Amino acid sequence: MALDQSFVGRSYPPTDPYEVGREKIREFAEAVGDANPAYTDPEAAKALGHPDVIAPPTFVFAITYKAAGQVVQDPQLGLDYSRVVHGDQKFAYTRPVRAGDRLTVTSTIETIKTMAGNEILDIRGEVHDEAGEHVVTAWTKLVARPADSADSAGSEEGKA
């Protein structure tokens, strides 16, 4: 089933606030192998002009991807998530994410297009702090692979 083109431009309600903690930032920095002391040492972050530790640039993916779940799970859109792969990700920051931030994400469908049989969905996530100030915009590209006859033929083999 093709994705509903009328959804382009549709925005979903902001998420509940996500509180960014020092420990989450430290764990993420360790997981991605980034030893920048601004991610783990408040004094190092302050020496760089930040009020507390900051998060690595890709940290925000966890909350923006979760917020994009509102789009993915919208039954009216017609997305078969079992066929989806993550195609691309990019960020545009106003300022770094900091420990203590309480962030909300508003997801908007930017484009829906078909290319080589795949349906491509671009979702923009606008991240704001509790004062309503913009922190970062994240773009997530999802690619829904087409159903093909090999999928259905494979499922029929055991029925003979």
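Q: How many bridges join strand E3 to strand E4?
A: The model is a predicted one, in which local features need pLDDT of at least 70 and side-chain atom pairs count only at pLDDT 80 or more, while totals for chains, interfaces and linings use all residues. Residues are numbered from 1 along each chain as its sequence is written, and side-chain values use heavy atoms, with hydrogens and water left out. Strands (E, at least two residues) and helices (H or I, at least four) are DSSP runs, numbered from the N terminus. Strand E3 spans residues 102-115 and strand E4 spans residues 118-128; the two run antiparallel, and the number of bridges joining them is 11.

Q: Which residue of E4 stands opposite Lys113, and which residue of E4 is the bridge partner of Thr106?
A: Two positions illustrate the register of this pairing. The residue facing Lys113 from E4 is Ile120. For Thr106, the bridge partner in E4 is Glu126.

Q: In which order do the strands of the sheet lie?
A: Strands of a sheet pair through backbone hydrogen bonds, either parallel or antiparallel. Here two strands pair if DSSP finds at least two bridges between them. The sheet is open, has five strands and shows antiparallel pairing; its order is E1-E3-E4-E5-E2.

Q: Which strands stand at the edges of the sheet?
A: The order of the sheet is E1-E3-E4-E5-E2. An edge strand has a single partner strand, so one of its sides is left without a neighbour in the sheet. This applies to residues 18-19 and to residues 84-93, that is, to strands E1 and E2.

Q: What angle does the direction of helix H3 make with that of E3?
A: E3 is joined by 11 bridges to E4. Helix H3, residues 61-72, packs on this sheet and touches E1, E2, E3, E4 and strand E5 (134-144), where contact means heavy atoms within 4.5 Å. Axes are lines fitted to C-alpha atoms, for helices over the stretch in contact, and angles run from 0 to 180 degrees between N-to-C directions. By this definition, the angle between the directions of H3 and E3 is about 55 degrees.

Q: Which residue of E3 stands opposite Tyr18?
A: Edge strand E1 has a single partner strand. Two bridges join E1 to E3, and these strands run antiparallel. Opposite Tyr18, in E3, stands Leu103.

Q: How many bridges join E2 to E5, and which residue of E5 stands opposite His86?
A: E2 and E5 run antiparallel, and the bridges between them number nine. Within E5, the residue opposite His86 is Leu142.

Q: Which residue in the turn between E4 and E5 has a positive phi?
A: E4 and E5 run antiparallel and are joined by 10 bridges; one of the pairings sets Glu119 against Ala144 in E5. Together the two strands form a hairpin with five residues between them. The turn residue with a positive phi, about 85 degrees, is Gly132.

Q: Is Ala116 buried or exposed?
A: Ala116 lies in the loop between E3 and E4, whose hairpin has two residues between the strands. Most residues other than glycine have a negative phi, and most peptide bonds are trans. Ala116 nevertheless has a positive phi, near 55 degrees. Buried means under 20% relative accessible area, exposed over 50%, partly exposed in between (1.4 Å probe, protein chains only); with a relative accessibility of 76%, Ala116 therefore counts as exposed.

Q: Is Val71 buried or exposed?
A: Val71 belongs to helix H3. Not counting residues up to four places away in sequence, Val71 touches Tyr12, Leu77, Ser107, Ile109, Leu121 and Ile123. Its relative accessibility is 0%, so Val71 counts as buried.

Q: How far apart in space are the C-alpha atoms of Ala67 and Asp16?
A: Ala67 is found in helix H3 and counts as buried because its relative accessibility is 2%. Leaving aside neighbours within four places in sequence, Ala67 is in contact with Thr15, Val105 and Ser107. Ala67 and Asp16 are 51 residues apart in sequence, and their C-alpha atoms are separated in space by 9.5 Å.

Q: How far apart are the C-alpha atoms of Val71 and Pro42?
A: Val71 is another residue of helix H3. Along the chain, Val71 and Pro42 are 29 residues apart. The separation of their C-alpha atoms is 36 Å.

Q: How many of the 11 residues of E5 are buried?
A: E5 is joined to E2 by nine bridges and to E4 by 10. E5 is largely enclosed by the rest of the structure, because the number of its 11 residues that are buried is eight.
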